[in-house]
Amino acid sequence: MSTPSLELETGSGAIAASGESGESGKAGRWRGWVIPAVALLSWWFVSRHVVAGHGMMTSPAQVLHTAIDQARTGALWRALSASLARELTGFTLGASLGLVLGALLGVSPFANRLIGPSFNAFKQVSLFAWIPLISVWFGLGDVAKVVFLSLAALVPVVAHTSDGIRAVSPALLDVARVFRYSKLQTVRQVVLPAALPSIFTGIYLALIYSWLATLGAEYLLVAGSGIGNTLVDGSEQFRMDLVVFGVIVIGITGWALNALARAIQQRWFRDPAA
Amino acid sequence: MATVSSTRTSDLNLHHVSKRFAGDDHAVPVLDRIDLSVKSGEFVAIVGASGCGKSTLLRLIAGLDDQFDGDIEFSGERVRTTDLARGIVFQDHRLFPWLNVEQNIAVALKNSGRSKEEKRRAVAEHIALVGLKGYEGHHPHQLSGGMAQRVAIARGLVNRPKLLLLDEPFGALDALTRSRLQNELRRIWEHERITMILVTHDVDEAVFLADRVVVMQARPGRIGKVVKVDLPRPRSRSDVAFVRLRDEILADFSVPQDVAAA
């Protein structure tokens, strides 16, 4: 460590080493496909040779057929776009409100004393417990669903935003004082950037929770269309192929949302210390 | 604006400075009636065992803590809060992890009232001063401890403060890096001619750098004695006079087993 260039070499050596371990992880990724492949094979085998023709069972071929049918008639896109529009509306409303409320709780000790205890109590109540109230106040339509989704998105954003802001190290706040930062400068230049990784975690969770809540809302507040209604229709009409198809679509959508959020985090919110 | 007119002398005077931690009126004070005068351009080192209040004293001079008794005057004005004329470098570099080297130094200039162009030039100059040319775009997690501390020193200097406070700035570094940075700090002090107060538990470092070494004692934190270091610079650590001075100061520590890094 006697010259700067030597120190930098040590640093880049560490980066190269971590890159290597990432590559060996990629090579082992096929192992994750073992269980789904085995499950698909055994499903195909059981549906064809063991309980063929039974109403409770459907075959992979039947599900594929339904999938093509749903895609061709446009039913899939109608349901999926209705669900995603709801999800994004609720998520946007809930997350924005959550950012404001979380920032307020984090920055102002007064607001934290006033609102904090109520929020913590509210947080403990399962979201689904609000469904009866929401359906009485807002009906079974889109308004009720969006209210429910917003609540689902609000909670993690408030919690992570206020925690992130309050966890800002006093050592960094000292630096802001040494250089005579105003309150506004301190919040914008120090507090928010320091809290950003935590805030993003809240938004990320909000995206996932509100997608899960979308399904819950469509299943419990049955009116209109959506991928949750596809599930309801399938089970009411005893069409297992439609149910299985719906479950697969929900899984893929959730996975895609997750991947999208991860990609955004990697790109813009990577914790530099990590 | 918080600049100090150059016609006034930028001397620092501490008169009967005492401090207790809040709500602890019966405990031994952290600092007990500290009197100290530092002349403009002087390099003073404060040494003492851990817990003698030397870092607390530095925070009071920086203006980061106004809960104390007595008077602290800088350039003829009472110290009440922080001021760009008084810079500080902390033991942990305290760089902002989300900013790169250049931006971290520019953090100090936010309220300096200088133009964009002046700021840019000042940052570039100070990156060169601490020998980090070529590392402008690096983030703190890409820097070694020594390099990060150099960025912190550049950030402390870039406002051209009249007084730079250094709170064990090399305490967390390995021996080799530490001795190199001590040499650089000496060079910067000779070059910039600003007052420096260095808090350290390393007596060697104090004798190597300072005009005067203030020895503090613990419980209550107070000044034991002040030793003048009349050796020509650059000093050699193996010089007989250097060794004699160092041993004299070491002998003065009140709690010998606490003496670290002698």
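Helices and strands here are DSSP runs, with at least four residues for a helix and at least two for a strand, numbered from the N terminus. That's the vocabulary for the loops we'll visit below. One thing to keep in mind: this is a predicted model.

Let's start with chain B as a whole. It has 7 helices and 10 strands. Lay the C-alpha trace along its principal axes and it spans about 50 × 40 × 35 Å. For 262 residues, a compact globule would have a radius of gyration near 18 Å, and chain B has 18 Å, so the two agree.

How is that chain packed? Of the 262 residues, 55% count as buried. If you take the contacts between residues at least 6 apart in sequence, 70% of them join residues at least 24 apart. On the outside, chain B exposes about 11400 Å², with carbon and sulfur atoms supplying 48% of that area. As for charge, there are 37 positive and 35 negative charges, and their mean positions are 4 Å apart.

Now for the backbone oddities. As a baseline, most peptide bonds are trans, and most residues other than glycine have a negative phi. Chain B has some spots that go the other way, and the loops are the place to look.

Go to the loop between strand E9 (212-217) and strand E10 (222-228), where B:Pro220 sits. The peptide bond from B:Arg219 to B:Pro220 is cis, with omega near -10°. B:Arg219 belongs to the loop between E9 and E10 too, and its phi is positive, about 50°, although it isn't a glycine. Is B:Arg219 buried or exposed? With a relative accessible area of 56%, B:Arg219 is exposed, because the cut-off for that label is over 50%.

Follow the chain past E10 and you reach the loop leading to helix H7 (240-250), which is where B:Pro234 lies. Here the peptide bond from B:Arg233 to B:Pro234 is cis, with omega near -5°.

Finally, jump back to the loop between strand E4 (69-74) and strand E5 (77-78), the home of B:Ser75. What is its phi? For B:Ser75 phi is near 55°, a positive value in a residue other than glycine. The surroundings are another matter: B:Ser75 has a relative accessible area of 2%, and since buried means under 20%, it counts as buried. So take the two positive-phi residues side by side: B:Ser75 is buried, whereas B:Arg219 is exposed.

Technical notes: Residues numbered from 1 in each chain as written. Chains lettered and ligands numbered in written order. Predicted model: local features only at pLDDT ≥ 70, side-chain atom pairs only at ≥ 80, totals over all residues. Heavy atoms only, no water. Rg over C-alpha atoms; globule rule 2.2 N^0.38 Å. Buried < 20%, exposed > 50% of the residue type's maximum accessible area, 1.4 Å probe, protein only. Contact = heavy atoms within 4.5 Å. Areas by Shrake-Rupley, 256 points an atom, 1.4 Å probe, with all protein chains shown as cover. Lys, Arg positive; Asp, Glu negative; His and termini not counted. Charge placed at Lys NZ, Arg CZ, Asp CG, Glu CD.
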